[in-house]
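Trainee: I have a structure to go through. Can we test each label against its definition?
Mentor: Yes. Here it is.

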Amino acid sequence: MLPPEELLSAAIYARNQAHAPYSGFKVGVSLKGVSGKVFSGCNVENASYGLTICAERATVCSAVAAGVKTFNQMVIVADSESPCPPCGACRQFLFEFAPNLEIWITNLSGAVVYHRLQDLLPHAFGNTLLPGTKPHASESA
Ligand code: THU
């Protein structure tokens, strides 16, 4: 299944902004909120390698800062031979806001893999397991 064109171009644009001088591996992400607003992000590396932020988490933070906490579609683009799936930490981070997220994982050659987040993170730990925690927050902007 092909990624939505609007999301693909936003992810490719964001990938070009990546700060990846250490790995040389640029990742771009776009994310659509339920209101239709599109957010994007890229990986941001740091000289103290461990502080690196993945493109997926950078994108979610950007959306949350704009008041958007409910998402349904994400596109990830990297220049890898096969499409680059989100790392484990990012899967958990995404699950907080979008357990049913649709994810198109692509590379610059046009290969596409489609997943639902719940398939990438089965038996997930989520906030419904915490006593007294309300269901996932809904979008406020
Ligand atoms: N990276 C991401 O941005 N997303 C992922 O899901 C996997 C890895 C970044 C982190 C680092 O800057 C580079 O790719 C190499 O690991």
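Mentor: Start with β1 and β3, which pair in the antiparallel sense over 7 bridges. This is a predicted model, where local features need pLDDT of at least 70, side-chain atom pairs count only at pLDDT 80 or more, and totals for chains, interfaces and linings use all residues. Residues are numbered from 1 along each chain as its sequence is written, and side-chain values use heavy atoms, with hydrogens and water left out.

Trainee: What makes β1 and β3 a pair?
Mentor: Two strands pair if DSSP finds at least two bridges between them. β1 and β3 have 7 bridges, so they pair under that definition. Within this pairing, Val29 stands opposite Ile76 in β3.

Trainee: Why are β2 and β5 said to stand at the edges?
Mentor: The open sheet has 5 strands in the order β2-β1-β3-β4-β5, with mixed pairing. β2 and β5 (112–116) each have a single partner strand, so one side of each lacks a neighbour in the sheet. Neighbouring strands are turned by 15° against each other on average, direction ignored.

Trainee: Why is α1 called a helix?
Mentor: Helices are DSSP runs of H or I with at least four residues, strands are runs of E with at least two, and both are numbered from the N terminus. α1 covers residues 5–16, which is 12 residues.

Trainee: How do you know what span to expect for α1?
Mentor: Take 1.5 Å times one less than the number of residues. For α1 that gives 16 Å, and the helix reaches 17 Å from its first C-alpha to its last, which is close.

Trainee: What makes a residue of α1 buried or exposed?
Mentor: Buried means under 20% relative accessible area, exposed over 50%, partly exposed in between (1.4 Å probe, protein chains only). Leu7, Leu8, Ala10, Ala11, Ala14 and Arg15 of α1 are buried. They cover an arc of only 165° around the axis, so they sit on the same side of α1. That arc is taken from the directions from the helix axis to the C-beta atoms. Glu5 and Tyr13, on the other side, are exposed.

Trainee: What covers the buried residues of α1?
Mentor: The cover includes β1 (27–33), β2 (38–42), β3 (71–78) and β4 (102–107).

Trainee: What makes a set of residues a nonpolar core?
Mentor: The members are buried Ala, Val, Leu, Ile, Met, Phe, Trp, Tyr and Cys residues, joined through side-chain atoms within 4.5 Å. The largest such core has 23 residues, and Leu31, Phe71 and Ile76 are among those that touch the most other members. β3 gives the most to this core, with 4 residues. Apart from it lies another core, of 6 residues, including Leu7 and Trp104.

How values were computed: Contact = heavy atoms within 4.5 Å. Axes fitted to C-alpha atoms, helices over the stretch in contact; angles between N-to-C directions.
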